[in-house]
Amino acid sequence: MPMASDDVDRFVGSRHRLEAIAYRLLGSATEAEDAVQETFLRWQAADVARIEVPEAWLTKVLTNLCLNQLTSARARRETYVGQWLPEPLLAGDPMLGPADTAEQRESVSYAVLTLMERLSPRERAVYVLREAFDYPHREIAEILDITETACQQILHRAKKHVADGKTRTEIDGVAARRIVEEFLAAATSGQTGPLVRLLTADAISIGDGGGKVPARAKAFEGAHAVARFLWGLFKPATAKRALVGGAPGVYAWTANGDPAAVAVVDGRVVGVMCLQVTAEGIAAVRSQVNPDKLERATERFAASDHGRPLFEAF
């Protein structure tokens, strides 16, 4: 029996919020879309007239679908080729969700999404629902079928795990562009010295190629090692152009609220390099080059007024 239009509209009105929750839980826009679609199918099959609080029902169904997905994802990531990084979202993507508070902006940053991989699925759910969406502990406890006290304890543990590795400075869009421009100027200067001065002493560089694009399985660690790697990465080479299908135009952007360099070939995003900025300098360079995780970024790039690239790489 077809669902009433009012009930469809009720789901559609919640869709962006559900997608934002699912993305923070899964670190994947594609998997988030799948989880929201499955939630809709369950909404269609439910006796909607008996559901007292639709938003709570939808959130509970979605969260539990994501918890199941996270459990299986951990097993899959054991066989993932190289480093695993989240799927980046470019500025303006509605899946980024609310950004009114520092906690909301932080919860979707590339650095924190990466750090949340340390959390158990339940810890991640409590952290996301509380920090990013301000759900009261009572409602989170009902969603996860735990006590309110247990929910508070889980949040305390989750925040500690994330905070232990989190050092990030909030910056606005203008500052982000300036940082990316300065970073790229140093990376293409032909010398490692300018890069070393921008990096923290313990800086790291991580790349995710998913086995489809070459990316080092182990992170580079230390300012000098990272600077040498980046110098080599931006050094012109015919083989690099052949690998990505041309000379990429490189744009200054933000991804997940962090300063980012976005490489584009013929309208296709081939790499997103996110910079984790601290008061001491750039502490981490995380590069997503797995083409499976760049499709949404390509769509967002095409829909944006992106202007001209800063330069052509390789």
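In this predicted model, strands β3 and β4 run antiparallel to each other and are joined over 7 bridges. One of the residue pairs can be picked out by name: Tyr251 has Val262 in β4 as its bridge partner. The two strands form a hairpin with 2 residues between them, and here Asn256 takes a positive phi near 55°. As for the pairing itself, strands of a sheet are held together through backbone hydrogen bonds, and they can be either parallel or antiparallel.

Strand β3 also has a partner in β7. These two pair in the antiparallel sense as well, this time over 2 bridges, with Val250 standing opposite Phe311 of β7. Two helices pack on the sheet here. Helix α9, residues 173-187, touches β3, β4, β5, β6 and β7, and its direction makes about 60° with that of β4. Helix α13, residues 295-302, touches β3, β4 and β5, and its direction makes about 95° with that of β5.

How much of β3 is buried? The count is 7 of the 7 residues, so the strand is largely enclosed by the rest of the structure. In a regular strand the side chains alternate between the two faces of the sheet. Both faces of β3 turn out to be covered: on one side sit Gly249, Tyr251, Trp253 and Ala255, on the other Val250, Ala252 and Thr254, and all of them are buried.

Zooming out, the sheet is an open one of 7 strands with mixed pairing, in the order β2-β1-β6-β5-β4-β3-β7. The edges are taken by β2 (220-221) and β7 (311-312), each with a single partner strand, so one side of each is left without a neighbour in the sheet.

Next comes helix α2, which covers residues 29-45. Does its length come out as expected, and what should it be at 1.5 Å a residue? Its 17 residues should span 24 Å, and the end C-alpha atoms are 25 Å apart, which agrees. At the start of the helix, a side-chain oxygen of Ser28 reaches to within 3.5 Å of the backbone nitrogen of Thr30.

Which residues of α2 are buried? They are Ala29, Ala32, Ala35, Val36, Thr39, Phe40 and Trp43. These cover an arc of only 145° around the axis, which puts them on the same side of α2. That fits a simple rule: an α-helix has 3.6 residues a turn, so residues three or four places apart point the same way. On the other side of α2, Asp34 and Ala45 are exposed.

Two single residues round off the picture. Lys235 lies in the loop between α11 (223-234) and α12 (238-244). With 44% relative accessibility, Lys235 falls between the 20% and 50% cut-offs, so it counts as partly exposed. Lys235 and Phe314 are 79 residues apart along the chain, while their C-alpha atoms are separated by 6.0 Å. Ala239, for its part, belongs to helix α12, and at 60% relative accessibility it counts as exposed. Ala239 and Thr149 are 90 residues apart along the chain, with 57 Å between their C-alpha atoms.

Terms used: Residues are numbered from 1 along each chain as its sequence is written. This is a predicted model: local features need pLDDT of at least 70, side-chain atom pairs count only at pLDDT 80 or more; totals for chains, interfaces and linings use all residues. Side-chain values use heavy atoms; hydrogens and water are left out. Two strands pair if DSSP finds at least two bridges between them. Helices (H or I, at least four residues) and strands (E, at least two) are DSSP runs, numbered from the N terminus. Contact means heavy atoms within 4.5 Å. Axes are lines fitted to C-alpha atoms, for helices over the stretch in contact, and angles run from 0 to 180 degrees between N-to-C directions. The expected span of a helix is 1.5 Å times one less than its number of residues. Buried means under 20% relative accessible area, exposed over 50%, partly exposed in between (1.4 Å probe, protein chains only). The arc is that of the directions from the helix axis to the C-beta atoms. A polar contact is a pair of N or O atoms within 3.5 Å; within protein, one must be able to donate a hydrogen and the other to accept it, and residues adjacent in sequence count only if both atoms are side-chain atoms.
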